[in-house]
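Biologist: I should like a close look at a single part of this model, followed by an account of some other features. Please consider the structure below.

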Amino acid sequence: KSYLALKKQVEEIVTKNYPMSGVQFVLLNPATFKVTIMGEVHQTTEKNAWALTRLSSVLGGVLTNYSSIRDITITSSNGVKRTYDLFRAQRLGEIYNNPYLRPDDVITINRIKRKVTISGAVERPGTYELMKNENLKTLIDYYGNGLTELADTSRIELNRNRESQDIS
């Protein structure tokens, strides 16, 4: 039975047997289950979850500097694979990209492919993961949320690090 069905049944029994009483039905200790987190993590690990545990809440402390939050695959116990993008869940409120976990889910953190840092006169400086087909304009407009009013576009500097070599 679902929690709500059980609650209703208990309330009906108590009200029938004790008509003037008030009923408060509270779940104190929900059932937990294990999920496995593997891939680009410090080490493969199992974490406890329960019915209202979202993907983002189990990733603390397991991600490396090379972990992608834009390309996470969850394989359910019946073998169905789905890919999620936590950046879109956080930035755009796409809650379906931060799903509830299910018993025996295997969460695979894929390796980041393109990691960029934007700083200076932009609204949201920071380090971001660019997806395939995203470019400098996307980095500035979407991730950086555009240039500030005082930005001097003649002073834009682009540095590319490839295999530990700086290319300007």
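Is Lys47 buried, partly exposed or exposed, and what is its relative accessible area?

Modeller: The model is a predicted one, and the values that follow are computed from it. Lys47 is partly exposed: its relative accessible area is 24%, which lies between the limit of under 20% for buried and that of over 50% for exposed. This lysine belongs to strand 2, which spans residues 45–49. Along the chain, Lys47 and Phe33 are 14 residues apart, and their C-alpha atoms are separated by 8.3 Å.

Tyr3 falls in the partly exposed class as well, with a relative accessible area of 35%. Tyr3 is found in helix 1, residues 3–17. Together with Leu4 and Leu27, Tyr3 makes up a nonpolar patch on the surface, and the accessible area of the three together is about 310 Å². Membership of a patch requires over 30% relative accessible area, and the 35% of Tyr3 satisfies this.

There remains the largest pocket, which holds about 1200 Å³ of space. Its lining consists of 30 residues, and Val116, Thr117, Leu139, Leu158 and Asn159 are those nearest the centre. By character, the lining comprises 14 nonpolar, 8 polar and 8 charged residues. At least two lining residues come from each of strand 6 (115–118), helix 3 (136–143) and strand 8 (160–162). Strand 6 contributes the most, with 4 residues.

Terms used:
Residues numbered from 1 in each chain as written. Predicted model: local features only at pLDDT ≥ 70, side-chain atom pairs only at ≥ 80, totals over all residues. Heavy atoms only, no water. 1 Å grid on protein atoms, 1.4 Å probe; cavity = no way out; pocket = protein on both sides within 12 Å on 5 of 7 lines; lining within 4 Å. Points joined across faces, edges and corners; volume = space filled by probe spheres on them. Nonpolar A, V, L, I, M, F, W, Y, C, P; charged D, E, K, R; others polar. Patch = residues over 30% accessible without salt bridge, like charges linked within 9 Å, V, L, I, M, F, W, Y side chains within 5 Å. Areas by Shrake-Rupley, 256 points an atom, 1.4 Å probe, with all protein chains shown as cover. Salt bridge = Lys/Arg side-chain N within 4 Å of Asp/Glu carboxyl O. Buried < 20%, exposed > 50% of the residue type's maximum accessible area, 1.4 Å probe, protein only.
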